[in-house]
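Subject: Model for your review

Dear colleague,

I am passing on the structure below, and after it you will find my notes. Please read them alongside the model.

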Amino acid sequence: MGGGRRLALSFAVRSLRRRSALNILPSSSYAAIHLMDSNLCCRQSANCDVAPDQQIGLKERSRTTWAFTSVMSFSEAAMTKSLPPNAVLEEGPTTTTRAATPLTVSNNNPRVIFVLGGPGSGKGTQCARIVRDYGFEHLSAGDLLRAEINSGSGNGTMIQKMIEDGNIVPSEVTVRLLQKAMEKSKSDKFLIDGFPRSDENRAVFERVTGIVPEFILFFDVPMDEMERRILGRNQGRVDDNIETLKKRLKVFVESSLPVVKYYDAMGKVHKVNATTSVDDVFETIRPLFKQYEQKDSTVELVQGVTHKSDGPATLH
Ligand SMILES: Nc1ncnc2c1ncn2[C@@H]1O[C@H](COP(=O)(O)OP(=O)(O)OP(=O)(O)O)[C@@H](O)[C@H]1O
Ligand SMILES: Nc1ccn([C@@H]2O[C@H](COP(=O)(O)O)[C@@H](O)[C@H]2O)c(=O)n1
């Protein structure tokens, strides 16, 4: 590598590292820092001229390493196993579990918030308000799957059966739909609703897109209230009946709650009591988005110079 390129690379790392230390860098960039840092480290062993003070500190390193390893460590075998024989990835030359294309969105650095909670916890209702007031793009995994059925896709019958049975559709199919929707969008900030529903959903999303969510909004509602809301929803959904609901609630407890726990251990979950009225729930989450909006505008102003950040918002 020539001196000029090496200098440019080390400057980019320093700039990203400074922003990361201030906690104002979108977390999806951490993997990038790590990769660049690894590059610098190898160069150092080959007498690179990067000074020791340009190396990422231990605390940051553990964070970047997490992003990097979680993106890279998912087992191909597990993915393959999860695909039913009739699942088809609709892009790429052959049926494959690999991502056909890397994620490309308008600014290449999308920020993602996952919105989780059991069936009927109010995810879709609150997402509509967040979109209205804070300009996110709402991507509901369930809506994308239903649209896929209606589009006459080759996977339609399989998806329909999974939804009727309250089961989780193979991750590659759902991640592909999310990825396509993000690629198509002009937005760079997304509320992804009803996803990830399982550890496998999460791992495939991270592996395919390389995106680490900013935070997770988790709507907490007791089972009996979720049941009351689903059975009273009246939107003609094939899965809003007591038999399918029982299965969905079981899947929620067994597969989806572990994902919430996973992110909670990383301090990324904002748990919201969603048993109050629609307006009250929204007033509870509003401060989180206000704070996020402020943080967001700070990021846009940053041009590699030192800025203050309030750090992540919390609702706990
Ligand atoms: N805070 C609330 N209080 C009472 N009813 C609510 C509240 N929030 C949403 N609802 C109602 O509960 C039903 C389910 O809400 P919503 O569709 O937003 O849930 P969801 O979490 O997106 O569900 P799913 O995961 O099944 O798509 C709807 O009929 C909605 O009007
Ligand atoms: N990540 C996901 C999300 C949804 N599904 C399937 O769709 C059904 C409906 O989802 P809603 O979020 O609209 O309630 C759900 O029960 C699953 O069958 C999925 O497989 N993976």
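Is Thr-276 buried, partly exposed or exposed? Thr-276 is partly exposed, because 13 other C-beta atoms lie within 10 Å, where 20 or more would make a residue buried, 12 or fewer exposed, and anything in between partly exposed, with C-beta atoms placed from the backbone.

This is a predicted model, in which local features need pLDDT of at least 70 and side-chain atom pairs count only at pLDDT 80 or more, while totals for chains, interfaces and linings use all residues. Residues are numbered from 1 along each chain as its sequence is written, and chains are lettered from A and ligands numbered from 1 in the order in which they are written.

An unreviewed UniProt entry lists Thr-276 and Arg-233 among the positions of its "binding site" feature, together with others including Gly-120 and Lys-123; positions follow the numbering used here, feature names are shortened, and annotations may be inferred rather than shown by experiment. Thr-276 sits in the loop between strand S5 (269-273) and helix H12 (278-301), and Arg-233 in the loop between helix H10 (223-231) and helix H11 (242-264) (DSSP runs numbered from the N terminus, helices being H or I of at least four residues and strands E of at least two). Arg-233 is exposed, since 12 other C-beta atoms lie within 10 Å, and, residues up to four places away in sequence aside, Arg-233 touches Gly-120 and Asp-240 (contact means backbone-placed C-beta atoms within 7 Å).

As for ligand 2, helix H6 (141-150) and helix H7 (156-164) each supply at least two residues of the surrounding shell, and H6 gives the most, with three.

Best regards

Methods
Two residues are in contact if their C-beta atoms, placed from the backbone, lie within 7 Å.
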